[in-house]
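Reader: I have a model open with a ligand in it. How should I read the surroundings of the ligand, and then the helix packing?

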Amino acid sequence: MDLDLAVGAAQQHYADARPNSASWARRAAAVLPGGNTRSVLAFEPFPFRVERAEGKYLWDVDGHRYVDFLGNYTAGLLGHSPEPVEKAVRAVLDSGWSLGSVHRDEVHLAELLTDRFPSMEQVRFTNSGTEANLMALALALHTTGRSKVMVFQHGYHGGVLAFGEAANPVNVPHDWLVLPYNDQAAVVEAFRSHGAEIACVLVEPMQGSAGCIPGTPEFLSLLRNQCSSNGSMLIFDEVMTSRFSLGGAQEVLGIMPDLTTLGKYLAGGFSFGAFGGNSEIMGTFDPKRNAGSTTSLGHAGTFNNNVISMAAGVATLKEMVNSTTLARINNLGDLLRKELNETFQESGVDMCATGQGSLLNIHGTAGPVLSAADLAGSDDRLKELLFFALLDDGFYVARRGFVALSFEIEAADVAALLTATEGWATAHAGRS
Ligand code: PMP
């Protein structure tokens, strides 16, 4: 069977086993464009609809159970219904949640975050990683009085800050300089030509949505040095990578950014974003600075300090996320990536896995993948076939091949995923 026919058959098999999800997809399509309100969750023929989640499992409306290897695209680091977070949220429900006032947990959470990330002496909270990046950019432009923003091809900093193959019509209209990732010569040249105009560099230490492509230490250090010598600000988007160690990717790399943005798991699975830097720069948001010729910046948001996210974040950082829990899943991710690559190589299927620690992405090419440009010739059909085969075996990874381990995942789960992948790769050997 050729690959196109195999994909068609896999989609049919998937659909036949999920009549309830199919019916919900039709109902959804009447009121949500494409039946969807979060673009990344759409896939053909339709996504299975989840009824319940607990521990490491998801159950769909057709009664299938999946081991969740996606962990809500990294926001689900803790696994489902983690007890300390559940307890904290229940306490909030007992004491009120739409306060329109300041409260204690926003201070607790800010203290915990600034302890964890030395680059952040002060933070501001937002509702999402996207908002955190928007505010960090506004702060950098305001602080430097410059307008250009350096970002990288296939970088993703939010739905309105996405730099894929085609121009993104919903992006915010900053004066972007879009460079190839991991390309030191391009960075040197851009600073040589535009150094005095560059307000900031916004970069993911590992490109996540682009396919888990780590930045080389040399590339990221060069960004630090060029920003310092040109008076530009370095913004590390650690929305995904903050899980690489207690102090995030910046600690692993030994690089201190001027601003850091955070999101995802830090509020225990509730909506969250934060950005921070040193007190001098962050003090721009201090309303008392509105004196004489200096003006402070405003930063509004009804839900910026929403009590559920704040309380959940405190429980997450106090009781669940520590060096030991992070190291365990980062090691498990390193093992999974290594063994997946061995499996693909041994079976002769043109695929590979990239990433760092507990985050990885499977690609439809044998690699190596050092930047998104290396994915140009990859075969998406192989990834799609593996995706459906894994669902059949009860494992959920992202349709695009993304895997984000949660604290609920054990070595035995990783071994089971590897066995399922090996079985599939052996059956498909030679097809690529
Ligand atoms: N930055 C990065 C690196 C991300 O991966 C994401 C989300 N995938 C965002 C920012 C945006 O975060 P949010 O979806 O919370 O707006």
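Author: Start with a cut-off. A residue is near a molecule if one of its heavy atoms lies within 4 Å of it. Keep in mind that this is a predicted model.

Reader: Which residues surround the ligand?

Author: The shell consists of Ser128, Gly129, Thr130, Asn133, Tyr156, His157, Gly158, Glu204, Asp237, Val239, Met240 and Lys264. By class, three are nonpolar, six polar and three charged. Helix α5 (residues 129–144) supplies the largest share, three residues.

Reader: Which ligand atoms do polar side-chain atoms approach?

Author: Look for pairs of N or O atoms within 3.5 Å. Threonine 130 places a polar side-chain atom 2.4 Å from an oxygen atom of the ligand. For aspartate 237, a polar side-chain atom lies 2.7 Å from a ligand nitrogen atom. An N or O atom in the side chain of lysine 264 is 2.9 Å from a nitrogen atom of the ligand.

Reader: How much of the ligand does the protein bury?

Author: Alone, the ligand exposes 390 Å². The protein buries 84% of that.

Reader: Now the helices. What describes two packed helices?

Author: The angle between their axes and the distance between the axes. Here, α6 (residues 184–194) packs with α7 (residues 217–230) at about 10 degrees, and the axes are 10 Å apart. Angles under 35 degrees count as roughly parallel, so α6 and α7 are roughly parallel to each other.

Reader: Which residues make the contact?

Author: From α6, Gln184, Val187, Val188 and Phe191. From α7, Glu218, Phe219, Leu222, Leu223, Gln226, Cys227 and Asn230. The contact has seven nonpolar, three polar and one charged residues.

Terms used
Residues numbered from 1 in each chain as written. Predicted model: local features only at pLDDT ≥ 70, side-chain atom pairs only at ≥ 80, totals over all residues. Heavy atoms only, no water. Polar contact = N/O pair within 3.5 Å; in protein donor to acceptor, adjacent residues only side chain to side chain. Areas by Shrake-Rupley, 256 points an atom, 1.4 Å probe, with all protein chains shown as cover. Helix = DSSP H or I, 4+ residues; strand = E, 2+ residues; numbered from the N terminus. Nonpolar A, V, L, I, M, F, W, Y, C, P; charged D, E, K, R; others polar. Axes fitted to C-alpha atoms, helices over the stretch in contact; angles between N-to-C directions. Parallel < 35°, antiparallel > 145°, perpendicular 65-115°, else oblique. Contact = heavy atoms within 4.5 Å.
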